[in-house]
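Thank you all for coming; I would like to walk you through one structure this morning. Please have the sequence and the coordinates open while I talk.

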2 protein chains.
Amino acid sequence: MSIIDALTRALGEAAVLTGERIQDRFRSDASTTGTSLPKAVIRPSSVEETSTALRICNNHRQTVTPQGGMTGLAGGANPRAEDVALSLERFFGIEEIDTAAATMIVRAGTPLAAAQEAAAAAGFLLPIDLNARGSCQIGGIVATNAGGLRVIRHGATRDNVLGLEAVLADGTIISSLNKMKKNNTGFDLRQIFIGSEGALGIITRAVLRLHPLPAGRSTALCALADYERVVLFLRRAQAALPGLSAFEAMWESYFQVNQQATNGRFFRQAPAFAVILEEDFVGERSDRAGLEAFLAGALGEGLIKDAVIAQSEREGQAIWKIREGPGLNRPLISFDVSIAIGRMGAFADDCAAALAARFPDHPAYFFGHVGDSNLHIVVLIEGAGGEAKRAIDEIVYGLVQSYAGSISAEHGVGVLKRDFLHCSRTAEELAMMRRIKAALDPNNILNPGKVLPEEARYGAA
Amino acid sequence: MSIIDALTRALGEAAVLTGERIQDRFRSDASTTGTSLPKAVIRPSSVEETSTALRICNNHRQTVTPQGGMTGLAGGANPRAEDVALSLERFFGIEEIDTAAATMIVRAGTPLAAAQEAAAAAGFLLPIDLNARGSCQIGGIVATNAGGLRVIRHGATRDNVLGLEAVLADGTIISSLNKMKKNNTGFDLRQIFIGSEGALGIITRAVLRLHPLPAGRSTALCALADYERVVLFLRRAQAALPGLSAFEAMWESYFQVNQQATNGRFFRQAPAFAVILEEDFVGERSDRAGLEAFLAGALGEGLIKDAVIAQSEREGQAIWKIREGPGLNRPLISFDVSIAIGRMGAFADDCAAALAARFPDHPAYFFGHVGDSNLHIVVLIEGAGGEAKRAIDEIVYGLVQSYAGSISAEHGVGVLKRDFLHCSRTAEELAMMRRIKAALDPNNILNPGKVLPEEARYGAA
């Protein structure tokens, strides 16, 4: 019996799409680099069906590409023509909100926005937040350990997953739906799946931590003269503002081009660094007085040159609009690296100089979640060929390696960064990843070709 | 060549203790259940020596018991006579404090107190804190994912380890000394070692997160009428007090006997629940006004019946003294379980009733880090034999299982809780742990007999 027949017999026609029933949306994630449709799409509607599907695939040595909301940027969910895609879009919904434990149990196919809304309706904040909230799904978010906004206050996805259920390649269901903050009973299996990009198991359900809803929020835009002051200002803000929930820096040219694109007039002349600082107010302390006093002190000391506190939600949005980068012309390449906070300024200088020397016609822009050691770099590539793109990758990732940084702060490795993974990981680390992979998926059916480079590549390194 | 000769030749005499040079302190952790001295103690003074030692042991199929400060309570560091013990007590010290990144790199043999003091001297708080701070070592703390005080504010050890270096059983050095808050470059190897109790690798160095030093701290003791109010009061405190750093509940009899033992007079009559609430002050907000207003509101609503705010550090210490349990007569058995917060009250009632029915002469006391879902139970066992002790274990762990709780919130499994691990973990989870163990330590030389029960035990379950 063919693999498609076996899957259809076990799961029913609604769960197995083939031929023209495979819509184009199963081709690529948001990187738009996917080129093939999978030979079938499996859409289980329960944990047990997921287990059945994987058991059948494993017995047939059928490779499986897990897919969530397809909002990733690393090509991690792109299928090859010989793969079947597995989507849990039919297994969605909130199973429980425990208001005493401050937890929620969410199915993998649930869009993030739906989970956020359910939490808010119960009086809680689900702190995981990404711009793709309308389409990204909990399973994909956990599988990629998505970062996003507010990490400085509440941590990344990993820090907000208390329990997890996943299905191994052979169909074994690993159910660790823990709701407790402390649990030291043997190896922490949930951590193995978080951030593994679907290569070690298919996540089916997660227990997420909830936090109190903030009573309000205040946003400020500050001008600074150099990177050293950016770091001092960050440390000062973390010590003084208990609800600090964003600390975003924009380098001069990034701020200039994007303030102009939004017709913003916050600073007449773009400062060397513009920092967005945001504070969530907790409980009784719902006032701006603390933030104002803090900024006045920083001004008085010469730590910052200027500051604007948003006087309305609309003004706050206008500040964030600049950060979204509407003034950058496509096509572009976007990097998502991390560098130890103290060295990020020097790294950006070196990177800007190296790119300008080689590609004077392709401007590069720098901005990032400095508080999370996360730097974004955008290079405009109008007219650039494949060779130039590869050279840009090599310049950036080569510098990341020399600064002991990470080639992927948030978006994961997928297929697009796979061949640069050695810039951030030693041969021993890669070999250990392979040992784990072989132990949990000995037939290599789960997302093959993703995350880990071909063996010969790193073996030769 | 014998294993001892091979180790001595490679590492030198100072690094290999045998015979009378093996002091009694290598026999048992703080549970005092260890009965054997190891056949040798290896004390490498570098990462490379640790690697050499393990490679030799692995080649000789020599089992190794990793030891830290010997402050554990689960027997996890107790050697058998046929094991060699491995201690990193000669590999200690702070290698770096990065004030921009707010991180410190610490060697495994460093006592926690030394790391805390170094952080404070640099103007930072190392948030990991245990009562055993003077003797416990960073390597053991990370290997057991130690919990302790302040978890409610800063998380457990796992949440404060940014990077890690460990040596596998075969001597491979896995160096992931990451300093970045966001890093999604392949599987998160550090998580595999954290909390693995030395069974997957020997931790040699850790990159720890530092936080701003709080400007001050305020302590209150509150009286509550029932467990439902304890949960509501916790949720309210988390929403209102941004610096909430402790929320400890004492059940009536625990508070009564220990208030009496300390000659405390906080409450004339022991309430159903006494809660210690503590807030760290951040930045400019170093005043008690917020806490006072919050408690006044809770009193007005009838959420709490009474409250005392410590007026001095000494009064704060007097409150904590009660929590330390000086009124409990030894010998005793101490449990360290976790239960979802909303069900903890019912669990404690059921557990108290079951123990009283079977052992009316052995009083049981309840208290815990309620905010962390962590409940401690102490049973006085004067005159009880081995059979009674085993029956008490079975009553408590059987109830933990029926409440979907964890048999070990903080102290780990070691050897003492190994045979009850199935109460908190499914057969599939245990099988997956074995797969990981076999992948990383195929000869089973690292801490054998700890954490995972004998195969037949759970296979038959």
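In the loop of chain B that runs between α10 (313–323) and β16 (332–338) you will find Pro331(B), and the peptide bond that joins Arg330(B) to this proline is cis, with omega at about 0°. I should say at once that we are looking at a predicted model, and that the angles I quote are computed from its atoms. In chain A, a cis peptide bond likewise links Arg330(A) and Pro331(A), with omega again about 0°, and Pro331(A) sits in the loop between α10 (313–323) and β16 of that chain. While we are on backbone geometry, please also look at Glu197(A), which has a positive phi of about 55° although it is not a glycine; Glu197(A) lies in the loop between α6 and β10 (202–209) of chain A.

Let me now follow β16(A) into its sheet. In chain A there is an open sheet of seven strands, ordered β15-β12-β14-β13-β17-β18-β16, with antiparallel pairing. Why is one side of β16(A) left without a neighbour in the sheet? Both β15 (306–309) and β16 (332–338) of chain A stand at the edges with a single partner strand each, so one side of each has no neighbour there. From strand to neighbouring strand, the turn in this sheet averages 15°, with direction ignored. The partner of β16(A) is β18(A), residues 374–380, and the two run antiparallel, joined by seven bridges; within that pairing, Ile333(A) has Val379(A) as its bridge partner.

Two helices of chain A belong in the same picture. Helix α11, residues 344–358, packs on the sheet and touches β13, β16, β17 and β18 of chain A, its direction making about 15° with that of β18(A). Helix α8, residues 252–261, lies across β12 (216–224), β13 (244–251), β14 (273–281) and β17 (364–369) of chain A, and runs at about 95° to β13(A).

Turning to chain B, I would point you to an open sheet of five strands, in the order β5-β6-β10-β8-β9, again with antiparallel pairing. Its edge strands are β5 (94–98) and β9 (173–176) of chain B, each of which pairs on one side only, and neighbouring strands here are turned by 10° against each other on average, direction ignored. At one end of that order, β8(B), residues 161–167, pairs with β9(B) in the antiparallel sense over four bridges, and Val167(B) stands opposite Ile173(B) of β9(B).

That leaves the interface between the chains. How many residues of each chain are in contact with the other? The count is 89 residues of chain A against 89 of chain B, and the area buried between the two chains is about 7,000 Å², with carbon and sulfur atoms giving 60% of it. Across this interface there are 10 salt bridges, one of them between the side chains of Lys181(A) and Asp372(B), at 3.9 Å from N to O, and there are 38 residue pairs in polar contact, both residues having pLDDT 80 or more. On the side of chain A that touches chain B, the elements that give two or more residues are α5 (151–154), β9 (173–176), α6 (189–193), α7 (227–240) and α13 (427–440) of chain A, and α13(A) gives the most, with nine residues. By class, that side of chain A has 39 nonpolar, 30 polar and 20 charged residues.

Methods
Residues are numbered from 1 along each chain as its sequence is written. Chains are lettered from A and ligands numbered from 1 in the order in which they are written. This is a predicted model: local features need pLDDT of at least 70, side-chain atom pairs count only at pLDDT 80 or more; totals for chains, interfaces and linings use all residues. Side-chain values use heavy atoms; hydrogens and water are left out. Two strands pair if DSSP finds at least two bridges between them. Axes are lines fitted to C-alpha atoms, for helices over the stretch in contact, and angles run from 0 to 180 degrees between N-to-C directions. Contact means heavy atoms within 4.5 Å. Buried area is the accessible area (1.4 Å probe) that two parts lose on being put together, summed over both. A salt bridge is a side-chain nitrogen of Lys or Arg within 4 Å of a carboxyl oxygen of Asp or Glu. A polar contact is a pair of N or O atoms within 3.5 Å; within protein, one must be able to donate a hydrogen and the other to accept it, and residues adjacent in sequence count only if both atoms are side-chain atoms. Ala, Val, Leu, Ile, Met, Phe, Trp, Tyr, Cys and Pro count as nonpolar, Asp, Glu, Lys and Arg as charged, and the others, Gly among them, as polar.
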